[in-house]
Amino acid sequence: MKIAIMGFGTVGTGVEEILYKKKESLLKNCFDIEIDRVLIRDKDKKRSPLKSDIVFTDDFDEILNSQVDTVIDVTSSLEETYERIVLLMKAGKNIVTANKAVVSKYFEELNALARENKVYFSYEASVAGAIPVIHPIMEESFFSDMNKIHGILNGTSNYILSKMEVEGSSYADVLKEAQDLGYAEADPTADVGGFDAMRKIRILSSLIYNAKIDEGDIFTFGISNIKKSDFDYAKELGYSIRLIAKSVLSQGKINISVIPTFLKDNFFAKTFDGTNAVKVWGENFSCYEFKGPGAGRLETADAIMRDLLRILSRREINTFYDASNSYEVENNLKSKFYVRTSKVNPGLKELIEEERVLGQDHHIITREINLDELKTVLDDEMFIVEIEGTI
Ligand code: HSE
């Protein structure tokens, strides 16, 4: 069976390594998988695949016109990759992708296109790295309504937060370590800005509610301006800080957000390093929890391999997502918030329950408000944290 790979960066080389090292065991189980060719951007760049005769090309049409029936996408570009996936699906090729930006932005279109063209669209690797979370949720959704999901969905942020908390490391040092470990994106803005987690909660929530949720409607606040003094404050109150992505469906409305959160000794607070954690609530069970490596080279390649084997053995779930439900999105769940700022604007002043001034900074605990209210007083200089509340 011949496949093609688009991209040969961190995850692409991981896929090649697994295919190379596990060739015999795959063959024994009737998976004779051969990489027909690999699409790369710069043909002159030196590459060292384990299988020395891998064919590299910079011509997308070679992949499009090839005989392969499944293409693995491990690129990180958005529009270009989306356009290529569309062409590949129309040409009857199954897609296995780790590209969460494309999956999130074009979730409805790509699911519909896969159905129309009778191809598989597999994206387990786009959320929570090696943890199998997409497929259990898909299967569950055939017979059980789910109404809530919470997660730590960005390995880079979790690595930074837990290292700063436990080892007192500096933000810049731990971000560099997360990059060296292959957790962070080439441009880590989406990691630390919360956008990567926002895309992942958009994918998970769309699936469990079978509804379209616009990325722009998801309240997103990252960790890029966190300071040591925020950890000191949290510690004094007995809290850890984690970047939590969450959504809940109640009375026909979805509350959905990504926000740093103070947590006390729970499942999420006990999630360290590049680990991701997901908790989902459903009709037939109270809730279940997943935890495991959420980023990394072989970790993400592992999820791609599982999708690939499902497709090749015709065990993949034909996509069912059609966004046939429609819900309003709002953020009106009540909570207290911690706000650190060097200047208290008049709107924020109205919300203060407790305030402490340390050097230049005001450390504020608000009274119980909701995110929609907090949004109206937010400015670029503030760092905000939800206090347990809706977790
Ligand atoms: N940059 C991502 C993360 C990689 O840190 O979680 C996995 O999607």
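**Exercise 1. Find the polar partners of the ligand.**
Task: In this predicted model, what lies 2.6 Å from a nitrogen atom of the ligand?

Solution.
Step 1. Start at the nitrogen atom. A polar backbone atom of Tyr-183 is 2.6 Å away.
Step 2. Turn to oxygen. An oxygen atom of the ligand lies 2.7 Å from a polar backbone atom of Gly-155.
Step 3. Look at a side chain. An N or O atom in the side chain of Lys-100 is 2.7 Å from an oxygen atom of the ligand.
Step 4. Apply the cut-off. A polar contact is a pair of N or O atoms within 3.5 Å, so these pairs qualify.

**Exercise 2. Describe the cover and the shell.**
Task: How much of the ligand's accessible area does the protein cover?

Solution.
Step 1. On its own, the ligand has 260 Å² of accessible area. The protein covers 93% of that.
Step 2. Look for elements giving two or more residues to the shell. They are α8 (155-167) and α11 (195-209).
Step 3. Pick out residues around the ligand. Among them are Asn-154, Thr-156, Glu-185, Asp-191 and Lys-200.
Step 4. Sort the shell. Five residues are charged, four polar and two nonpolar.

**Exercise 3. Trace the sheet.**
Task: In which order do the six strands form the open sheet?

Solution.
Step 1. Read across: β3-β2-β1-β4-β5-β6, with parallel pairing.
Step 2. Check the edges. β3 (56-57) and β6 (121-122) each pair on one side only.
Step 3. Zoom in on one pair. Four bridges join β1 (residues 2-6) to β4 (residues 70-73). Ala-4 stands opposite Val-71 in β4.
Step 4. Add a helix. α13 (residues 297-312) lies across β1, β4, β5 (94-97) and β6. Helix α13 runs at about 160° to β5.

Definitions and conventions
Residues are numbered from 1 along each chain as its sequence is written. This is a predicted model: local features need pLDDT of at least 70, side-chain atom pairs count only at pLDDT 80 or more; totals for chains, interfaces and linings use all residues. Side-chain values use heavy atoms; hydrogens and water are left out. A residue is near a molecule or strand if one of its heavy atoms lies within 4 Å of it. A polar contact is a pair of N or O atoms within 3.5 Å; within protein, one must be able to donate a hydrogen and the other to accept it, and residues adjacent in sequence count only if both atoms are side-chain atoms. Accessible areas come from the Shrake-Rupley method with a 1.4 Å probe; for residues, only the protein chains shown count as cover. Ala, Val, Leu, Ile, Met, Phe, Trp, Tyr, Cys and Pro count as nonpolar, Asp, Glu, Lys and Arg as charged, and the others, Gly among them, as polar. Two strands pair if DSSP finds at least two bridges between them. Contact means heavy atoms within 4.5 Å. Axes are lines fitted to C-alpha atoms, for helices over the stretch in contact, and angles run from 0 to 180 degrees between N-to-C directions.
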